[in-house]
Amino acid sequence: MLSLPPRNTAAQLVPDLTALLDVLFILLVFLLLTAAVKLNMLDVTLPDTGKNTSTPVQQADVQVLSIRLEHNKLQYALEKESFTSLNEAVNALKNSKESLPLYLAVDQQVPSGELVKLLAKLSAEKYKVANILVKSD
């Protein structure tokens with residue numbers, strides 16, 4: 001007859017931790033997914049609709065710098081005066097009434113890179129707030 005090895009009684013007294021580890025793992029995943037993480041976001045100041053019902057372009061107490069693409073050439077305009085380059089438009093903006101809010105009216109055909117160049121130029125000239133007019137469809 002074959003004899004069995006003697007049973008180790010100490011090993012049988014250890015509880016099975018598999019279920020406990022499963023619950024702890026699920027709890028850890030839940031806490032990681034629901035933890036409040038502060039995101040690094042920029043504060044965005046949305047433009048007001050104006051004091052009256054007219055659009056900001058028609059208001060007298062704002063400046064509008066517009067860009068449009070015509071015949072594959074960019075055209076800039078400040079108020080009703082047109083310019084052929086961005087530097088001319090920004091120089092005219094510096095010489096005008098600086099305390100008024102600035103609105104940018106950009107044609108949708110203008111490449112986004114040109115808008116970024118304009119925003120960078122305005123930022124370099126210490127314009128902290130620029131409102132962008134968007135035509136809704």
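**Exercise 1. Getting an overview**

Of the 137 residues of the protein, what percentage count as buried? Then list the helices and strands in order.

*Solution.*
Step 1. The model is a predicted one.
Step 2. Count as buried any residue with under 20% relative accessible area. By that rule, 20% of the 137 residues are buried.
Step 3. Count the elements. There are three helices and five strands.
Step 4. Read them from the N terminus. The order is α-β-β-β-α-β-α-β.

**Exercise 2. Placing strand 4**

Work out which strands pair with strand 4, and decide whether strand 4 is mostly covered or mostly open.

*Solution.*
Step 1. Find strand 4. It spans residues 102-106.
Step 2. Look for its pairing with strand 1, residues 63-70. These two strands are parallel and share five bridges. In one bridge, Val64 is partnered by Tyr103 of strand 4.
Step 3. Look for its pairing with strand 5, residues 131-133. These strands also run parallel, joined by three bridges. Here Leu104 stands opposite Ile132.
Step 4. Check the cover. Four of the five residues in strand 4 are buried, so the strand is mostly covered.

**Exercise 3. Finding the core**

Which residues of the largest nonpolar core touch the most other members, and which element gives the largest share?

*Solution.*
Step 1. Recall the general trend. In soluble globular proteins, nonpolar side chains tend to be buried together.
Step 2. Take the largest nonpolar core. It holds 18 residues.
Step 3. Pick out the members with the most contacts to other members. They are Leu65, Tyr76, Leu102, Leu104, Leu118 and Leu122.
Step 4. Assign the core to elements. Strand 1, strand 2 (73-78), helix 2 (86-95), strand 4 and helix 3 (112-124) each give two or more residues.
Step 5. Find the largest share. Helix 2 supplies it, with five residues.

**Exercise 4. Two leucines compared**

Leu78 and Leu27: state for each whether it is buried, partly exposed or exposed.

*Solution.*
Step 1. Place Leu78. It sits in strand 2.
Step 2. Use its relative accessibility. The value is 7%, so Leu78 is buried.
Step 3. Relate Leu78 to Ser96. The two are 18 residues apart in sequence, and their C-alpha atoms are 9.5 Å apart in space.
Step 4. Place Leu27. It belongs to helix 1, residues 18-34.
Step 5. Use its relative accessibility. The value is 42%, so Leu27 is partly exposed.
Step 6. Look around Leu27. It helps make a nonpolar surface patch of about 790 Å². Other residues in the patch include Leu20, Leu24 and Phe30.
Step 7. Check the record. An unreviewed UniProt entry annotates residues 20-37 as "transmembrane region". In the model, that stretch is 83% helix and 0% strand. Its end C-alpha atoms lie 28 Å apart.

**Exercise 5. A loop with positive phi**

Which loop holds His71 and Asn72, and are these residues buried or exposed?

*Solution.*
Step 1. Locate His71. It lies in the loop between strand 1 and strand 2. Asn72 is found in the loop between strand 1 and strand 2 as well.
Step 2. Read the phi angles. His71 has phi near 55 degrees, positive in a residue other than glycine. Asn72 has phi near 60 degrees, again positive in a residue other than glycine.
Step 3. Judge exposure. His71 has 74% relative accessibility, so it is exposed. Asn72 has 76%, so it is exposed too.

**Exercise 6. Salt bridges**

How many salt bridges does the whole structure hold? Describe each pair.

*Solution.*
Step 1. Recall the principle. Side chains of opposite charge can pair when their charged atoms come close.
Step 2. Search the whole structure. There are three salt bridges.
Step 3. Take Arg68 and Glu70. Their closest N and O atoms are 3.0 Å apart. Arg68 is partly exposed because its relative accessible area is 42%. Glu70 is also partly exposed, at 29%.
Step 4. Take Glu125 and Lys94. Their closest N and O atoms are 3.6 Å apart. This pair links distant parts of the chain, 31 residues apart. Glu125 is in the loop between helix 3 and strand 5, and Lys94 is in helix 2. Glu125 is partly exposed at 26%, and Lys94 is partly exposed at 32%.
Step 5. Take Glu114 and Lys117. Their N to O distance is 3.5 Å. They are three residues apart in helix 3, so about one helical turn separates them.

Key:
Residues are numbered from 1 along each chain as its sequence is written. This is a predicted model: local features need pLDDT of at least 70, side-chain atom pairs count only at pLDDT 80 or more; totals for chains, interfaces and linings use all residues. Side-chain values use heavy atoms; hydrogens and water are left out. Buried means under 20% relative accessible area, exposed over 50%, partly exposed in between (1.4 Å probe, protein chains only). Two strands pair if DSSP finds at least two bridges between them. Patches are made of residues with over 30% relative accessible area and no salt bridge: like charges are joined within 9 Å, nonpolar side chains (Val, Leu, Ile, Met, Phe, Trp, Tyr) within 5 Å. Accessible areas come from the Shrake-Rupley method with a 1.4 Å probe; for residues, only the protein chains shown count as cover. A salt bridge is a side-chain nitrogen of Lys or Arg within 4 Å of a carboxyl oxygen of Asp or Glu. UniProt positions are given in the numbering used here, feature names are shortened, and annotations may be inferred rather than shown by experiment. A nonpolar core is a set of buried Ala, Val, Leu, Ile, Met, Phe, Trp, Tyr and Cys residues joined through side-chain atoms within 4.5 Å.
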